[in-house]
Amino acid sequence: MHSMERVDPAAIAAAILDAPGWCRVGITAPGEHLRKQAAKELALSIASSLAAQGAPDRDQLPLPL
């Protein structure tokens with residue numbers, strides 16, 4: 001079993017606030033299709049932001065030094 005890497009909640013909050021405004025508003029839209037598109041865009045934006053900050057790659061095995 002892989003250990004879970006802890007992600008800083010402040011980094012997630014910053015990534016949400018940096019996401020495109022339409023997707024932050026879109027997740028509250030009455031239409032399911034728009035909510036799903038907005039949620040996907042928000043998730044992609046957060047993932048991209050965290051990757052740019054050096055978040056560990058889940059596919060990379062840690063090697064002891």
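**Entry 1: order of the elements**

I started at the N terminus and read off the elements of the protein, which run α-α-α. My tally of the secondary structure came to three helices and zero strands. I jotted in the margin that this is a predicted model.

**Entry 2: the whole chain**

Next I looked up how much of the protein is tucked away. Of its 65 residues, 18% count as buried. For the outside, I got an exposed area of about 5500 Å². Which atoms supply 62% of that area? Carbon and sulfur atoms do.

Then I checked contacts along the chain. I took the ones between residues at least 6 apart in sequence, and 41% of these join residues at least 24 apart.

**Entry 3: α1 against α3**

I picked one pair of helices to follow up. Helix α1 covers residues 9-18, and helix α3 covers residues 32-52. How do their axes cross? They come within 9 Å, and the angle is roughly 125°. That angle makes α1 oblique to α3. I also noted the hand of this crossing, and it is right-handed.

Who meets whom here? From α1 I listed A11, I12, A15 and I16, and they meet L42, S45, I46, S49 and L50 of α3. I sorted this contact by class and got seven nonpolar residues, two polar ones and no charged ones.

**Entry 4: a closer look at S45**

S45 was on my contact list, so to speak, and it sits in helix α3. Is S45 buried or exposed? Its relative accessibility is 18%, and the cut-off for buried is under 20%, so S45 counts as buried.

I wanted to know what S45 touches besides its neighbours within four places in sequence. Leaving those aside, S45 is in contact with A15, A19 and P20. A15 had already turned up among the α1 residues that meet α3.

**Entry 5: then L50**

L50 is another residue in helix α3, and it also appears in the list of residues that α1 meets. With a relative accessibility of 15%, L50 counts as buried.

Last lookup of the day: where is D8 relative to L50? Along the chain, the two are 42 residues apart, but their C-alpha atoms are separated by 9.5 Å.

**Wrap-up**

My picture for now is a protein of three helices, with α1 and α3 crossing obliquely. Two of the α3 residues in that contact, S45 and L50, came out as buried, S45 at 18% and L50 at 15%.

Methods. Residues are numbered from 1 along each chain as its sequence is written. This is a predicted model: local features need pLDDT of at least 70, side-chain atom pairs count only at pLDDT 80 or more; totals for chains, interfaces and linings use all residues. Side-chain values use heavy atoms; hydrogens and water are left out. Helices (H or I, at least four residues) and strands (E, at least two) are DSSP runs, numbered from the N terminus. Buried means under 20% relative accessible area, exposed over 50%, partly exposed in between (1.4 Å probe, protein chains only). Contact means heavy atoms within 4.5 Å. Accessible areas come from the Shrake-Rupley method with a 1.4 Å probe; for residues, only the protein chains shown count as cover. Axes are lines fitted to C-alpha atoms, for helices over the stretch in contact, and angles run from 0 to 180 degrees between N-to-C directions. Angles under 35 degrees count as roughly parallel, over 145 as roughly antiparallel, 65 to 115 as roughly perpendicular and the rest as oblique. A crossing is left-handed if the near helix is turned anticlockwise from the far one by less than a right angle, and right-handed if clockwise. Ala, Val, Leu, Ile, Met, Phe, Trp, Tyr, Cys and Pro count as nonpolar, Asp, Glu, Lys and Arg as charged, and the others, Gly among them, as polar.
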